[in-house]
Amino acid sequence: MGEFTVHRVRFFNYVPSGIRCVAYNNQSNRLAVSRTDGTVEIYNLSANYFQEKFFPGHESRATEALCWAKGQRLFSAGLNGEIIEYDLQALNIKYAMDAFGGPIWSMAASPHGSQLLVGCEDGSVKLFQITPDKIQFERNFDRQKSRILSLSWHPSGTHIAAGSIDYISVFDVKSGSAIHKMLVDRQFMGVSKRKCIIWGVAFLSDGTVISVDSAGKVQFWDSATGTLVKNHLIANADVQSIAVSDQEDSFVVGTAEGTVFHFQLVSVTSNSSEKQWVRTKPFQHHTHDVRAVAHSPTALISGGTDTHLVIRPLMEKVEVKNYDAALRKITFPHRRLISCSKKKQLLLFQFAHHLELWRLGSTVATGKNGDTLPLSKDADHLLHLKTKGPENIICSCISPCGSWIAYSTASRFFLYRLNYEHDNISLQRVSKMPAFLRSALQILFSEDSTKLFVASNQGSLHIIRLLEGSFKHLHTFQPQSGTVESMCLLAVSPDGNWLAASGTSAGVHVYNIKHLKLHCTVPAYNFPVTALAIAPNTNNLVIAHSDQQVFEYSIPGKQYTEWSRTIQKQGFHHLWLQRDTPITHISFHPKKPMHILLHDAYMFCIIDKSLPLPNDKTLLYNPLPPTNESDVIRRRTAHAFKISKIYKPLLFMDLLDERTLVAVERPLDDIIAQLPPPIKKKKFGT
Amino acid sequence: MKPASLALHVTLRLRAASGSEVRRSGVAWVMVQLRQRVSRAPASASAMVDEGQPASEEEAEHGLLLGQPSSGAAAEPLEDDEEGDDEFEDDEAPEELTFASARAEAREEERRVRETVRRDKTLLKEKRKRREELFIEQKKRKLLPDAILDKLTTASQTNIKKSPEKLQEVNLQKKNEECEKGSNSKKTKEKVQKVQSVGQNRSYLAVRLKDQDLRDSRQEAAKAFIQNCLYGPGTNRTTVNKFLSLDNKRLPVKKAAAQFLNNAWGTQRKQNAKRFKRRWMIRKMKTSKK
């Protein structure tokens, strides 16, 4: 493979925002996750839990509720008082309707999906009718005294339960009046000055209302009589979320201590028909508050302030007990947040509201394998660029020569020109960017930094020629056949002739830049693309999918390469296919065309196409063989996949030049150190 | 109202009988008479409490005679009056009037008074109306022209929100526009063009600041509520450092806390020390050179 000096970068202060709401859609097996900064991410649970779509956040949008309605429509409501519908095709917001009730705390879609119920700050519960293109206000229910913090529909759609502060109301949907008002104790067997906040309610079809509140209680109420049936004290802190399965035989609750409890309906004795709710399993996968839980038919999903999304398949519901039934913890982003300028050794870090430009340090020392070399010049923080406005940055890029920076928010596009004199840097904004460039999903500069490629969320690809201090719009590739399909990933060939773009569903399109037309389309694969790159000289397009398959497609030849066919026939090693995190970046060695460098969050790998492929019996993660081993053994264990797990968790890894690599790591402890305070745990002996 | 009018009525008749000169200064005369009679008027009022018709003059007089003894203050006008009376023969007996005519006269008097009251009311109403219109006119002058108001009402229904700084900018722009439009056409062309270009640029959206403030304050209140519930007093929270160090404390070989060093401690002191060291080094260099 060769010897490399590796720049280990740990100054990327990336802290993801906490998860606030989670909504599971059964028909499409998709999960919508909303974070505290307003970002909404869609995960495709059947495509290896890959994040396929996301909507950028907004400072004023403090989302408090998320729900799916009939026909795959996604709605969210927040403290700014607006109900927002998301367009999943065009990846933008369709409209935001003000509910005129103040901040909205909760939202629930009716069981048949045609009505939407919203609980507001002023105590009113508002009913909206979902029309094919919009939602329409229907009526208000009886107004309550305090804010409505949780809502739940009865499966038949006739009653709803609304949890507020210190009481739960049961409404009749037809008349809109409150039938029962159930008062909740402030503390389990006691009195307390702190008000009891009902964080979640669930209405079962037999008329039982399950409520979880801030005193740590799970209570079962009978909605016909309005009385308490059963009381469980499960935590010393708040129980913040509840989700019931579709069959209503199990539900899951999340507490502020990070524990997730699973309750199941089990029969009292082994052959009796009488059933009762029993707390069966506790799971401790979180350190901070679990603010959102969801129950899919086979798994429990939880997310909270510690920013992890944990999907725990239930063993009794999973049919095939293979690696799919293992716990999945999604911590690191599935997109690239870092871009690199190889010539000037600069790294551009993308945060939610600003960009940071760093120059890598340098060293003059040399050493052997495994040595840590002292830095002669420290890494330099060159630029801290804040974005204007309340919107989050969607994507950003720095040109390979280091003199252009471009980034895009949902409404604007920014292009900056950088000038370097000695050690100083000066920034100049290119004004009057055209309006069609905004809301770009991916930005890429060509290798010679003369052209800018922008993939917008409407499905079109724009090519802009960059001149000194200004720009000229060259061409726009429109999406085919009238469908609006957002292009998520771009790759450009080093010689500047070919541009590859992948959408969310169709195959990868390859465009000829010289002639400005579509060259070919790689056949569609049923798993989304996670990384794209075009090799220099050979112009082979390497595509990585979310099920850990890697394809190599020859662009001039318009067909898959020999190597790709061989490995597809043989199949990848089972350990390779069982990796959790998607491959986010692919790069190449300029002098060695047989090498492909790719990485995911926990490993980086150099694939040597000249070496034989491993079959299932060989050791995949073989360490570097010691030099005193005989040649025979080395030849026996050598295979194409050279994997190293030294640097993890990796956010970015790239080849700067022939002898240098840069690895941007983000240790989990550094993320946890910047999270909000957790609940105190008292342990014996401390 | 009625007793006073009746008193009026009575005295008028008395004087009318005596001559035409009364008519000329009838009102003044009446006033004087009223003053005189006022001292006794309360008694007459009480006598005529039950809606009485003035009935016959005799009764009225009788009531008057029954009146309260005049106080000293009232005594003087009495004297004046008597002088006045002396001018016109007071010796004559008051003339007799039929009940019907008296009633008619009384009714007429009432009607007259009612009409004056009505007239007064309508006058007042008109005055008020005029004032209202004046205010509306002034308000209209103060408000923005209709075009911008229309834009505002449609803008408030769209979904894009503006950040506060931009809002202030927009308000400033709106004010500029308003005063330019208010001061009308005599402005130079370039200024008008600037206003127009700002309006058609569509890169901003104007929202009423009053609505925005209300919305923001409610949102802030909601956020404060959540913050108080989850992290406020009474919640059992601890720092992340302590949380992560719990495991370290229970290991067989006890380790230090997860974040043992507090790098933010004494930054000012460290800075001062650094500066002092640099200065000391420079001084040392200078002295060693000497």
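Which residues does Trp576(A) touch, not counting residues up to four places away in sequence? In this predicted model, the list is Gln548(A), Val550(A), Ile583(A), Leu598(A), Met603(A), Cys605(A), Leu620(A), Phe641(A) and Ile643(A).

**The cores of chain A**

Trp576(A) belongs to the largest nonpolar core, a set of 23 residues. Together with Ile583(A), Ile586(A), Leu598(A), Cys605(A), Ile607(A) and Phe641(A), Trp576(A) touches the most other members. Several elements of chain A each supply at least two residues of this core, among them helix α1 (562–570) and the strands β46 (529–534), β50 (585–588) and β53 (641–644). A second core, separate from this one, has 19 residues, including Phe351(A), Leu656(A), Val664(A) and Ile671(A). As background, nonpolar side chains in soluble globular proteins tend to be buried together.

**A loop residue in chain A**

Is His515(A) buried or exposed? His515(A) is exposed, because its relative accessible area of 57% is over the 50% cut-off. His515(A) sits in the loop that runs between β44 (508–512) and β45 (517–521) of chain A. Between His515(A) and Ser223(A) there are 70 Å in space, C-alpha to C-alpha, and 292 residues in sequence.

**Chain B and how far to trust it**

Turning to the partner chain, chain B has 13 helices and 0 strands. Of its 290 residues, 23% are buried. Chain B exposes about 22,400 Å², and carbon and sulfur atoms supply 54% of that area. Among contacts in chain B with a separation of 6 or more, 69% join residues 24 or more positions apart.

The complex gets an ipTM of 0.87 and a pTM of 0.76 from the predictor. For chain B, the average pLDDT is 67, and 50% of the residues score at least 70. Helix α10 (residues 189–201) of chain B has the lowest mean pLDDT among the elements of that chain, at 41, and helix α13 (residues 267–289) of chain B the highest, at 93.

Here are two stretches to handle with care:

| Stretch of chain B | pLDDT | Contacts beyond four places in sequence |
|---|---|---|
| residues 1–86 | under 50 | 65 contacts |
| residues 159–199 | under 50 | 38 contacts |

Where pLDDT is low, the predicted coordinates should not be read in detail.

Helix α13 of chain B also holds Phe276(B). Phe276(B), Trp280(B) and Met281(B) form a nonpolar patch on the surface, and together they have about 330 Å² of accessible area.

Note on methods:
Residues are numbered from 1 along each chain as its sequence is written. Chains are lettered from A and ligands numbered from 1 in the order in which they are written. This is a predicted model: local features need pLDDT of at least 70, side-chain atom pairs count only at pLDDT 80 or more; totals for chains, interfaces and linings use all residues. Side-chain values use heavy atoms; hydrogens and water are left out. pLDDT is the predictor's confidence in each residue, from 0 to 100. Helices (H or I, at least four residues) and strands (E, at least two) are DSSP runs, numbered from the N terminus. Contact means heavy atoms within 4.5 Å. A nonpolar core is a set of buried Ala, Val, Leu, Ile, Met, Phe, Trp, Tyr and Cys residues joined through side-chain atoms within 4.5 Å. Buried means under 20% relative accessible area, exposed over 50%, partly exposed in between (1.4 Å probe, protein chains only). Patches are made of residues with over 30% relative accessible area and no salt bridge: like charges are joined within 9 Å, nonpolar side chains (Val, Leu, Ile, Met, Phe, Trp, Tyr) within 5 Å. Accessible areas come from the Shrake-Rupley method with a 1.4 Å probe; for residues, only the protein chains shown count as cover. A salt bridge is a side-chain nitrogen of Lys or Arg within 4 Å of a carboxyl oxygen of Asp or Glu.
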